[in-house]
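Student: I am new to this structure and would like to go through it in short questions. Please show it first.

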Amino acid sequence: MSTQPSKTIDQLKSLIKGSVLVPDDRTYDEARQIWNAMIDRRPAVIVQAAAADDAAPAISFAREKGLELSIRGAGHNIAGNSLCDNGVMIDFSKMKNVRVDAGKKRAYVEPGATLADLDLATQAHGLATPVGINSTTGIAGLTLGGGFGWLTRKYGMTIDNLIAVDMTMADGRRVRASENENADLFWAIRGGGGNFGVVTQFEFRLFPVGPEIVAGLIVFPFNQARQVLTKYRQFLNSAPEELNVWVVLRKAPPLPFLPENIHGKEVVVLPIFYSGAVAEAEKLIAPLRSFGDAVGEHIGPQPYVEWQKAFDPLLTPGARNYWKSHNFTDLADGALDSVIEYAGKLPSPQCEIFIGLIAGAANRVAPGAMAYGHRDAKFVLNVHGRWDEAKDDQKCIGWSRDFFKASAPYASAGAYVNFMTDEEGDRVAAAYGSNYDRLVQAKKRFDPDNVFHFNQNIKP
Ligand SMILES: Cc1cc2nc3c(=O)[nH]c(=O)nc-3n(C[C@H](O)[C@H](O)[C@H](O)COP(=O)(O)OP(=O)(O)OC[C@H]3O[C@@H](n4cnc5c(N)ncnc54)[C@H](O)[C@@H]3O)c2cc1C
């Protein structure tokens, strides 16, 4: 930032209700930390927004100076797209307020809120909307890419329950977008990520959930992986949508309900979530135990907000992460073969392969209804490379890529943009499939200069 006269920063400061940080500031280094420790970039200016009004001057400052612009919600993007080098980062992480109108079953959410902030506020009224499975993830990035989690089978993707957004556009205009206002823009932002403008408020539809749900884990030994996965596939044909069961293959963490001799060994974990009547849960879950000889189980009624945090300890910030992901309409034998093969050669204790089940309400939305169009996807498979030391980069990235390649023949078209890395820019058109052309038209109309390009970019 040495080329910028300090008075320009001072002028920016005078327009911003929040804080403006430059590299000399005491809190600068803390403010540029994001979830994936592989991404280490140094913005010239960090605008820590305190109000929606802070977006326009920050955008205009970046544009006038020809600086890169990035937008940060909770900084969980795997590609690190919230953090730019030598540019302006608009950081919403201090704007976390969630207001709930319980009568209307609506939540009004600021762009820095995490899933935990939303869940806590909505569950105070026994309400929730589908979001992800790790409570520290940001609502903003998650929603703009699609968003799925335990409630998706029953209530759809996060964007399926987005009612409206308030936005600041590339030219500083403030607009509202919904099905009735700026409908083309609303179509584009529901899956199109941060390509079209800066969202300063999200409005969501809420549903009665919990506050107590039944959830937990059943853990099987890895040598039973094939039978567990095959029975899992079959079981899903008759499972109600209130019941969601995912699969995680990884080395067992030292969980207290697992025998010590299993710790560090490959296992197949079934995370289970049931949002229907607590009394009904046991009979629905019981068949899952017959998938094999479980080495441990920890399952029971618990507050929905607690289950939403259950995986946080395994997904803390600060590790190195590299993800690759496919959608699947079914789990073909070949797909299961590749899962088992690569789960058998995990390159670090934290690497995992997970199969997220999203079959249900999300499949009943038309593919062209909004930018996110993978309405045939019943499973999202993510290979989650995760490790601590840079010396293991090659080994862990190589494993992730090899597994991605081996499982590709069984995948359906498209990809979930929220799980794409920074090197997958050439996959963006394919990721959106038949909706891509309409997204390009929307980009030409709403951001013709591609001001918002530090993302999985849709080029005008
Ligand atoms: C541990 C972990 C668990 C996850 N689990 C799930 C899951 O269960 N389900 C799921 O669907 N996804 C999941 N994800 C993926 C997640 O949806 C994406 O990483 C998402 O980008 C995170 O949003 P964020 O606000 O934290 O990200 P950030 O990195 O802050 O932002 C990501 C991008 O979103 C855009 N953006 C952010 N805020 C705004 C805004 N206000 N206006 C316009 N654009 C904006 C920008 O382009 C930005 O670069 C998970 C990610 C992690 C790291």
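**The ligand and its shell**

Tutor: The ligand has 33 residues around it, and those that come nearest are G73, G75, F148, V199 and Y416; a residue counts as around it if one of its heavy atoms lies within 4 Å. This is a predicted model, where local features need pLDDT of at least 70, side-chain atom pairs need 80 or more, and totals for chains, interfaces and linings use all residues. Numbering starts from 1 along each chain as its sequence is written, and side-chain values use heavy atoms, without hydrogens and water.

Student: How far is a backbone N or O atom of G73 from an oxygen atom of the ligand?

Tutor: A polar contact with the ligand is a pair of N or O atoms within 3.5 Å. For the backbone of G73 and a ligand oxygen, the distance is 2.6 Å.

Student: What share of the ligand's exposed area does the protein bury?

Tutor: Areas are Shrake-Rupley values with a 1.4 Å probe. The ligand taken alone exposes 960 Å². Of that, the protein buries 97%.

Student: Which helix gives the most residues to the shell around the ligand?

Tutor: Helices are DSSP runs (H or I, at least four residues) and strands are E runs of at least two, numbered from the N terminus. Strand 3 (69-72), helix 5 (139-145) and strand 10 (198-205) each supply at least two shell residues. With 4 residues, the one that gives the most is helix 5.

Note on methods: Polar contact = N/O pair within 3.5 Å; in protein donor to acceptor, adjacent residues only side chain to side chain.
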